[in-house]
Structures are given as C-alpha cells and as structure tokens.
Amino acid sequence: MKRKKILAAGVVFLVILAAGSAGYSFFSRNYRAAKIYGTGEKKVRLVKFNKPFLADHFEITIIKISLSDSLKSNSKTLLKKEEGAEYFIIDVKVKNKNSESRNLPDSGSILLGEAEYMLEIEGLKLDEPGYGPFSEQIKPEETKESKVVFKIPVEYGDESVIWDVFGSGVRIRLQ
C-alpha cells in the first residue's frame with residue numbers, strides 16, 4: 001500500500017512538472033524572447049510627457065504614446081493589421097543640444113513585461129519621412145519630430161514599457 005502511494009505521488013509530480021514545462025515551451029516558442037534586464041529603479045528614469053530630458057547630445061520630449069492595430073500616413077498604409085500584433089507608437093520631439101550636427105543611429109528598443117517574461121523589441125525601420133530615426137543629420141539647436149514604431153504581441157499591450165531612448169542607454173518608463 002505504501003508503494004502505491006509513493007508511486008501515485010511520483011506520477012502526480014511528473015504530470016505537474018510536464019505541464020509546467022509544456023507551458024514554458026509554448027511561451028518561448030511563440031515569442032522570440034530577447035534579453036532579460038535588471039531594470040532597478042536607479043537604471044530606469046521616470047519622465048513626464050511634454051517635459052524635455054537629455055539623452056546623449058539630444059533634448060528629447062515625448063509628446064504622446066499610442067497603440068494601433070495598423071499604421072497609416074495620410075492615405076498611405078504603412079503597416080497592415082496583423083493577427084496577434086499591435087504597433088506601439090511614440091510621438092517624440094528631438095532637439096540637438098550639441099555644437100555639431102548629429103544624427104540618431106536607430107530607434108532604440110523597448111522592454112515589455114516584467115521579470116522572466118520581459119521581451120526586448122527593436123524599433124521598426126520605415127521609409128516614410130517622420131517615422132523612426134532621421135536619415136539626415138540634425139543641426140545644432142534644430143528641432144525635429146518623429147514617430148517611433150515598435151511591433152509588439154497583443155498580449156503585451158497593457159504591460160509595462162521601458163524605452164532605451166534612440167539606443168542611447170538612457171532608459172525611461174513610458175507605461
């Protein structure tokens with residue numbers, strides 16, 4: 001009788017272990033998880049919308065953030081609706097505070113979620129003017145506006161969002 005109880009407990013343990021493992025493999029198979037970061041309070045800054053802050057040689061002002069299932073500019077469709085995906089859009093104003101002309105190398109990345117389920121997603125490169133980093137250099141004291149776009153899984157639409165501002169290493173919490 002004692003052997004049967006031990007055997008039954010072992011089978012239950014293995015079933016629970018297999019179910020947990022299957023759930024983990026389902027998650028990791030459907031999302032290309034990037035890097036897990038230590039995002040302690042000292043590493044992530046909180047900023048207010050429409051209040052400028054410095055990142056590298058630029059003064060950045062976040063105007064607004066939004067989520068959309070597709071992206072249009074005037075009457076042109078830039079990004080079509082995709083099953084299971086949304087577009088996280090950051091409207092931003094950038095001013096060059098350096099004495100030399102500079103350009104922004106990329107859009108940076110966003111970190112979505114918390115702890116072991118955190119994803120890093122790179123910004124999309126769009127050929128439309130006013131989206132992503134600027135193709136030309138920004139002159140000293142010149143200000144330009146842009147929309148930075150990230151394609152995210154629908155399940156992460158209401159998760160916390162941390163943006164590595166234009167790849168500068170300055171991380172800010174947006175949501």
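This report describes the secondary structure, surface and main sheet of a predicted protein model.

Local features are taken at pLDDT of at least 70 and side-chain atom pairs at pLDDT 80 or more, whereas totals for chains, interfaces and linings use all residues. Residues are numbered from 1 along each chain as its sequence is written, and side-chain values use heavy atoms, with hydrogens and water left out.

The protein contains one helix and 11 strands, these elements being DSSP runs numbered from the N terminus (helices H or I, at least four residues; strands E, at least two). Along the sequence the pattern reads α-β-β-β-β-β-β-β-β-β-β-β.

The totals for the protein are listed here, where buried means under 20% relative accessible area with a 1.4 Å probe, protein chains only, contact means heavy atoms within 4.5 Å, and accessible areas come from the Shrake-Rupley method with a 1.4 Å probe.

| Property | Value |
|---|---|
| Buried share of the 175 residues | 38% |
| Share joining residues at least 24 apart, among contacts between residues at least 6 apart in sequence | 69% |
| Exposed area of the protein | about 11,100 Å² |
| Carbon and sulfur share of the exposed area | 53% |

Five strands make up an open sheet of mixed pairing, in the order S1-S11-S10-S7-S8, where two strands pair if DSSP finds at least two bridges between them. Its edges are strand S1 (44–46) and strand S8 (119–122), each of which pairs on one side only. From one strand to the next the twist averages 30°, with axes fitted as lines to C-alpha atoms and angles running from 0 to 180 degrees between N-to-C directions.

Within this order, strand S10 (residues 161–165) and strand S11 (residues 171–173) run antiparallel and are joined by three bridges; Ile 162 stands opposite Arg 173 in S11.

Definitions and conventions
Buried < 20%, exposed > 50% of the residue type's maximum accessible area, 1.4 Å probe, protein only.
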